[in-house]
Amino acid sequence: MTKTFSELALILALLLPAAPGASAPTEPGGLRRSQNEWVYFDANGKLAYKSLPAGDRIMDFSSAGYMGGGVALPSVPVKVTIAPSDGDDTEAIQSALDTLAKSEPAGGFRGAVLLRPGTYNCSRTINLSASGVVLRGSGSGAVGTVLKMTGSPHLCILVAGLSGAQPAGEPARIRDAYVPSGATSVTVEHGSQFKAGDSVLILRPVTSSWVKFMGMDGLFRNGRRETWLAAGSRTASERTVTSVEGDRLALDLPLGDSFDSKYMAPPGGTVVKSSDTGRIFRVGVESLQIIAPPQTVEISERHYQAIRMRDLADAWVRDVAIIDTVNSVGIGAGARRVTVENLRVTHTVATKGAAKPADFSTDGSQVLFHRCSATGDNLFYFVTGARVTGPNVLLNCRFRGNGHIQPHARWATGLLVDGCEVSDSGIDFMNRGEMGSGHGWTIGWAVAWNCVARSYIFQQPPGSMNWAIGCRGAREKSSMPFGHQPSLAEATFDSHGTPVTPASLYLAQLAHRLGPQAVKALGY
């Protein structure tokens, strides 16, 4: 992306701290930015954070994305080229991918299958299941590559390994009485069993006492009890041990949720070594269109979907135009360090019914949705799944129509919505109560930063926090759905109506952690 000197100067002025005594930076049109109290530049020009009394703070989100953030997406050499036929092209594409999958990788990549310009009729799912393989079209525009979905409703492209991270050792109990959200270390019993470089799962149990503390033990709909999170289940955060001092384990990434021993019956939170041999790595889909037949359906009916990724790491989807799929792009469980960049979803018809599909969703971690867009009605533009642990980031995305950014169900944590626009609808970090099948509290420790929306329903879960900082749009108070009273407590709003500096929290954190070259690698 080429920028003039004045544009670069403006970006630096908004991203980096002002000189002592200088006024707040001003954008073209006279838009001024203010300081905020939660993440700011200190007197030395370093990012600083305000903490809550127990030590919780806004986490560092900058490890979201391919290779852990700040790394340009690669250009993988073409090894196989195919052209469209007059018939069904699914088998030809699949055969090319399968042949390339059997080749020996070089530098982590086997190569790319290039689809020449034209329209490819695809009647069933294209599967990409080997590391180091890329499916590349010849552009997402009118004269590029089009995958035209034919036949019965199905998924167009699946990129998937066999499994995500799995426990591979004996769990060690966390000894800390409280581990704050944003922490980068934990104290365990028998820390000598761990060493620097170990991959681990940080396991947080769901207990009946915590469910009650969250007010989620009394959900009923139509006279039937609904379950928010079942006692005995757990959330898992993948991390790498960077150092061990006694029983103290330092971690490569901050934790997105807090661990309060008062609500965790023995054994409480635990740390266990992990293995991810079922994953695939360094895979991508890029530069093409996916077009489905328009469907005016309810989401319980079969429908055409665009792309799914799961059980993989260091993967990407970029420059893809998607038309008339439903529940279009999903980054599933077991996915880590994924970039979804410049995907544009367009709907010519809306789905029916109160249950809404999601254009973009994540059940993974370290997923960056960058410069994506969607246009359509009766939608969730973005959702998180149950028990998703961050960091996950939406950066500079634009959505138009009757739809919402709304984490969906059962306690995700560690989401940043940064510089996004939902000018026709809203951004909601909320308690969905008995909606769905007991979605309840959808998210905690989430941040909306310098966003623009028609409305915000931001609520504060017990023992947690959500933030709206530098956002513009109407604040709305709301109770839990289906007539519950009273209105739930609002989350924290800071500098509402006036954007703050830095202009992008994600980019500022990235520059702070890796330097300005990491921001440049993303095209800024």
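This text walks through the cores, one helix, the empty spaces and the unusual backbone sites of a predicted model.

Start with the nonpolar interior. Nonpolar side chains in soluble globular proteins tend to be buried together. Here the largest nonpolar core has 72 residues. Six of them touch the most other members: Ile-93, Leu-147, Ile-290, Phe-360, Leu-394 and Ile-427. Take Ile-290 as a way in. Beyond its neighbours within four places in sequence, Ile-290 is in contact with Leu-147, another of those six. Its contacts also include Met-149, Cys-156 and Ile-157. Ala-306 and Ile-307 are in contact with Ile-290 too. So are Val-320, Ala-321, Ile-322, Ile-323 and Thr-325. A second core is separate and holds 31 residues. Among them are Met-465, Trp-467, Tyr-506 and Ala-518.

Tyr-506 leads to helix H4, which spans 505-514. Seven of the 10 residues of H4 are buried, so the rest of the structure largely encloses this helix. The buried residues are Leu-505, Tyr-506, Leu-507, Ala-508, Gln-509, Leu-510 and Ala-511. Ser-504 caps the N-terminal end of H4. Its side-chain oxygen lies 3.5 Å from the backbone nitrogen of Tyr-506. After H4 comes Gly-515, with a positive phi near 100°.

Next, the backbone exceptions. Most residues other than glycine have a negative phi, and most peptide bonds are trans. Two cis peptide bonds deserve a look. One joins Thr-501 and Pro-502, with omega about 0°. Pro-502 sits in the loop between strand E41 and H4. Another joins Gln-485 and Pro-486, again with omega about 0°. Pro-486 belongs to the loop between strand E40 (472-475) and strand E41 (492-494).

The loop between E40 and E41 also carries Phe-482. Phe-482 is not a glycine, yet its phi is positive, about 70°. Is Phe-482 buried or exposed? Phe-482 is exposed, with a relative accessible area of 52%. Asp-324 likewise has a positive phi of about 70° without being a glycine. Its place is the loop between strand E24 (312-323) and strand E25 (329-331). Asp-324 is buried, because its relative accessible area is 6% and the cut-off for buried is under 20%.

Asp-324 also borders an enclosed space. Rolling a probe the size of a water molecule over the atoms shows where empty space is left. The model has three cavities of 30 Å³ or more. The largest cavity holds about 60 Å³ of space. Asp-324, Thr-325 and Val-326 line this cavity, together with Gln-295 and His-347. Val-349, Ala-350 and Thr-351 join the lining, as do Asp-377, Asn-378 and Leu-379. By class, the lining has four nonpolar, five polar and two charged residues. Thr-325 ties this cavity to the largest core, since Thr-325 lines the cavity and is in contact with Ile-290.

Last, an open space. The second largest pocket has a volume of about 530 Å³. Its lining has 24 residues. Which of them lie nearest the centre? They are Ala-236, Ala-333, Gly-334, Asp-363 and Arg-387. Four strands each supply at least two lining residues: E10 (166-167), E14 (199-205), E17 (234-245) and E26 (335-346). E17 gives the most, with six. The lining is mixed by class, with nine nonpolar, eight polar and seven charged residues.

Methods: Residues numbered from 1 in each chain as written. Predicted model: local features only at pLDDT ≥ 70, side-chain atom pairs only at ≥ 80, totals over all residues. Heavy atoms only, no water. 1 Å grid on protein atoms, 1.4 Å probe; cavity = no way out; pocket = protein on both sides within 12 Å on 5 of 7 lines; lining within 4 Å. Points joined across faces, edges and corners; volume = space filled by probe spheres on them. Nonpolar A, V, L, I, M, F, W, Y, C, P; charged D, E, K, R; others polar. Buried < 20%, exposed > 50% of the residue type's maximum accessible area, 1.4 Å probe, protein only. Core = buried A, V, L, I, M, F, W, Y, C linked by side-chain atoms within 4.5 Å. Contact = heavy atoms within 4.5 Å. Polar contact = N/O pair within 3.5 Å; in protein donor to acceptor, adjacent residues only side chain to side chain.
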